[in-house]
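Visitor: I am new to this structure, and I would like to understand how its descriptions are reached. Could you take me through it step by step?

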Amino acid sequence: MSRPLEESTYAFTVPPLVEAVPVARERVVHRAGRLGLALDKELANDLKLLTGELIANSVTHTRAACVVSIRWTGERLRVEVTDVEPTLVRPSQARPTDENGRGLILVAALAADWGSQPCAPGKKTWFELAVRVAAEDTAAVMPSRTGEPAGAAIVNCEESKGSAATEPVPGAHAGAAHQAA
């Protein structure tokens with residue numbers, strides 16, 4: 001039996017490898033499509049960029065696995081990355097010669113809303129994009145291959161809503177490069 005979009009969270013674990021970021025990004029875009037959300041090329045690219053930035057920050061700075069959760073709120077697509085680092089993220093002041101430090105500025109510029117908040121395992125960093133449902137008859141969640149709660153991957157933060165399904169991200173493809181901003 002299908003549940004309304006706003007009642008379901010889909011989550012998966014990303015291994016602590018920068019090489020796993022492209023696979024996870026594609027997985028988020030694929031899941032948004034399976035939810036029946038209308039993603040044109042520009043919105044799909046924004047979703048990939050923002051997702052990649054949060055996941056890359058997590059695995060780079062924690063050197064630990066993170067959990068990516070995707071949820072349709074009824075108005076926005078919400079992507080959350082939960083990791084073990086308790087320090088909340090904030091945009092940094094990168095110098096012109098710095099190779100890093102601009103990703104969260106992009107997140108702030110492209111997302112409808114975003115933030116970072118403490119939770120039991122460490123912190124949850126999230127963003128939301130305004131996305132419309134492609135058609136009225138797609139307002140049901142596609143069933144997951146597993147029935148595991150998101151907590152099976154990592155302890156959930158307090159604000160998790162509804163049920164969740166988790167699946168591990170398969171091992172990163174050899175030669176995959178980090179392309180997050």
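Guide: Read from the N terminus on, the elements of the protein follow the order β-α-α-β-β-α-β-β-β, which amounts to 3 helices and 6 strands. Please keep in mind that this is a predicted model.

Visitor: Why is Tyr10 called buried?

Guide: The word applies to residues under 20% relative accessible area, and because Tyr10 has a relative accessibility of 7%, Tyr10 counts as buried.

Visitor: What makes Phe12 buried?

Guide: Phe12 has a relative accessible area of 0%, which is under 20%, and therefore Phe12 is buried as well. Across the protein, buried residues make up 45% of the 181 residues.

Visitor: Why are Tyr10 and Phe12 called an aromatic pair, and why is the pair described as tilted?

Guide: The structure holds 1 aromatic pair, and it is formed by Tyr10 and Phe12, whose rings lie 6.2 Å apart, centre to centre. Ring centres must lie within 6.5 Å to pair, so these two qualify. Their planes are 50° apart, neither under 30 degrees, as stacked would require, nor over 60, as edge-to-face would, and therefore the pair is tilted.

Visitor: How do you know that the charged end of Arg27 is within the distance limit for sitting over the ring of Phe12?

Guide: The charged end of Arg27 is 4.4 Å from the centre of that ring, and because the limit is 6 Å, the distance condition is met. Likewise, the charged end of Arg78 sits over the ring of Trp126, 4.0 Å from its centre.

Conventions
Residues numbered from 1 in each chain as written. Predicted model: local features only at pLDDT ≥ 70, side-chain atom pairs only at ≥ 80, totals over all residues. Heavy atoms only, no water. Helix = DSSP H or I, 4+ residues; strand = E, 2+ residues; numbered from the N terminus. Buried < 20%, exposed > 50% of the residue type's maximum accessible area, 1.4 Å probe, protein only. Phe/Tyr/Trp six-rings, centres within 6.5 Å; stacked < 30°, edge-to-face > 60°. Lys NZ or Arg CZ within 6 Å of the ring centre and 35° of its normal.
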